[in-house]
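Let's take a walk through a protein model together, one step at a time. Keep the structure in view and turn it as you read.

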Amino acid sequence: MKRYYFIFSFVLFFVATLTAQTQISDYQPGVTQEGAIYFLPKTALRISVTVEKTTYKPGDFAPYALRYLRLKDVAQEPSTQYRVVSIRQTAIGVADTTKRYAVKFNAKTIAANVSLTQDGRLLGINCDAKDTPQPALFKPAPKPAPVNPRQFMTEEILAAGSTAKMAELTAREIYDLRENRNLLIKGQADFMPKDGEQMKLMLSHIDSQDRTLSSMFQGITERDTTEHVLIVTPDGPIQRQVLFRLSQQHGLVDADDYSGAPFYLSVENLEAVPPVDEEAAAKVKKKQYEAGVYVNIPGRMRTTIYQGIDVLQTQEFPAAQFGNVELLSGDLFNKHYDTHLWISPVTGAVDRLEAEQPK
């Protein structure tokens, strides 16, 4: 966020002081000698798509899984698959370049503290206003360090002359581990643990060996989760527009990549705010130098995300572009009032207004 502080002397804009306390004009956003130039925001959608990648690698003994461990339908070829785990929508504000204004303070206006965002959106006047905080960065869960199954193989297994023999001896070692586990649980093992904690550690070690050696037959499945962020700024209603596509082999792909299945977005204008009369809008446009500050009166939009023909989620948000622009009186910012104004960085609407007449 950028904050600009302006204290203007009584000699600035001698002509302007004869006509208005606060003036509005059309400039590029930023800082000038005259005052603060700002944008009103447009409401955009931040769509966060969490995708899970599942990778399967067959074990060295996969062809012997049925013979020695009675495991059916063990895949013999590596594979990769992607799926959408979750989709999250958030309303954010972006600068609307069609709504840019300059607020000018002259001798009759109180010293002003004007807060702007980095892209020039108005946040507030005479207040400690802040932009909407950025969502927390996605952090995947840490993956356990891979374990080499061969470190649990006996000398006899490693010295075997063929893969088939190694598979047979490894299967026998797995059955021995499972038998030892059962004996521990029943209290019939030759070396019983002294207490519950030692028992827990011994069982955990046996389970780890069993799981690692069994992966030589079952294969290894790894899952990685990534987040993809899409920004959509609707200028009007949208009817089933392709948002992205998901390929089973390549993951999230572009909307025009037909290797993936489509996910669609629809945006509906709920018309919570009556449409602006064209004649009235023309009058507002002519009042570029009328005293005051322009703000949004947002409408509402309903967003729907589909996977094919199935509705995944529907949400409603206030939307600046589906509403109107109104003018706050410039009298609020003259020396007879102690005015503090907070503006929503997402919709451009008045979040809070405090205007007290000094005693």
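Among contacts in the protein chain between residues at least 6 apart in sequence, what percentage join residues at least 24 apart? In this predicted model, the answer is 73%. Keep that in mind as you trace the chain, and look for places where distant parts of the sequence meet.

Let's begin with an overview. The protein chain holds 5 helices and 15 strands. Of its 359 residues, 43% are buried. The accessible surface comes to about 20700 Å², and carbon and sulfur atoms account for 51% of that surface.

Now turn to one open sheet. This sheet is built from 5 strands in the order 10-9-11-12-13, with antiparallel pairing. Strand 10 (251-253) and strand 13 are at the edges and have a single partner strand each, so one side of each is left without a neighbour in the sheet. On average, neighbouring strands of this sheet are turned by 30° against each other, direction ignored.

We can follow the pairings across this sheet one by one. Strand 9 (residues 238-247) and strand 11 run antiparallel and are joined by 6 bridges. One place to find this pairing is L246, whose bridge partner in strand 11 is A261. On we go to strand 11 (residues 261-269), which pairs with strand 12 (residues 292-307) in the antiparallel sense over 7 bridges. Here Y264 has Y306 of strand 12 as its bridge partner. The next step takes us from strand 12 to strand 13 (residues 310-329), an antiparallel pair joined by 15 bridges. Along this pair, look for G299, which stands opposite A319 in strand 13. Strand 12 and strand 13 form a hairpin with 2 residues between the strands, and in this hairpin G308 takes a positive phi near 65°.

What about the side chains? In a regular strand they alternate between the two faces of the sheet. With that idea in mind, let's look at some rings.

How many aromatic pairs does a search of the whole structure find? The search finds 5. One of them is the stacked pair of F244 and F263, with 4.6 Å from centre to centre and 15° between the planes. F244 belongs to strand 9 and F263 to strand 11, so this pair ties together parts that are 19 residues apart in sequence. Are these two rings in buried or exposed residues? Both F244 and F263 are buried. Elsewhere in the model, ring pairs link Y38, Y101 and Y294 into a cluster.

Strand 9 has another residue worth a visit: R240 is found there. R240 lies over the face of Y264, at 4.3 Å from the ring centre. R240 also lies over the face of Y306, where the distance to the ring centre is 4.7 Å. You have already met these two tyrosines as bridge partners, with Y306 in strand 12. The backbone of R240 deserves a look too, with a positive phi near 50° in a residue other than glycine. R240 is partly exposed, with a relative accessible area of 29%.

A second arginine makes a good comparison. R70 also has a positive phi, of about 55°, although R70 is not a glycine. R70 sits in the loop between helix 1 (65-69) and strand 5 (79-105). Its relative accessible area is 60%, so R70 counts as exposed.

Our last stops are two serines. S247 lies in strand 9. Its relative accessibility is 1%, so S247 counts as buried. Which residues is S247 in contact with, leaving aside its neighbours within four places in sequence? They are Y82, V253, S259 and G260. The other serine, S115, lies in strand 6 (residues 112-116). S115 is buried as well, with a relative accessible area of 0%. From S115, look across to N126: the two residues are 11 apart along the chain, and their C-alpha atoms are separated by 8.1 Å.

To finish, go back to the open sheet and trace its order, 10-9-11-12-13, once more. Then find F244 in strand 9 and F263 in strand 11, and see how this stacked pair fits into the picture.

Technical notes: Residues numbered from 1 in each chain as written. Predicted model: local features only at pLDDT ≥ 70, side-chain atom pairs only at ≥ 80, totals over all residues. Heavy atoms only, no water. Pairing = 2+ DSSP bridges. Helix = DSSP H or I, 4+ residues; strand = E, 2+ residues; numbered from the N terminus. Axes fitted to C-alpha atoms, helices over the stretch in contact; angles between N-to-C directions. Phe/Tyr/Trp six-rings, centres within 6.5 Å; stacked < 30°, edge-to-face > 60°. Buried < 20%, exposed > 50% of the residue type's maximum accessible area, 1.4 Å probe, protein only. Lys NZ or Arg CZ within 6 Å of the ring centre and 35° of its normal. Contact = heavy atoms within 4.5 Å. Areas by Shrake-Rupley, 256 points an atom, 1.4 Å probe, with all protein chains shown as cover.
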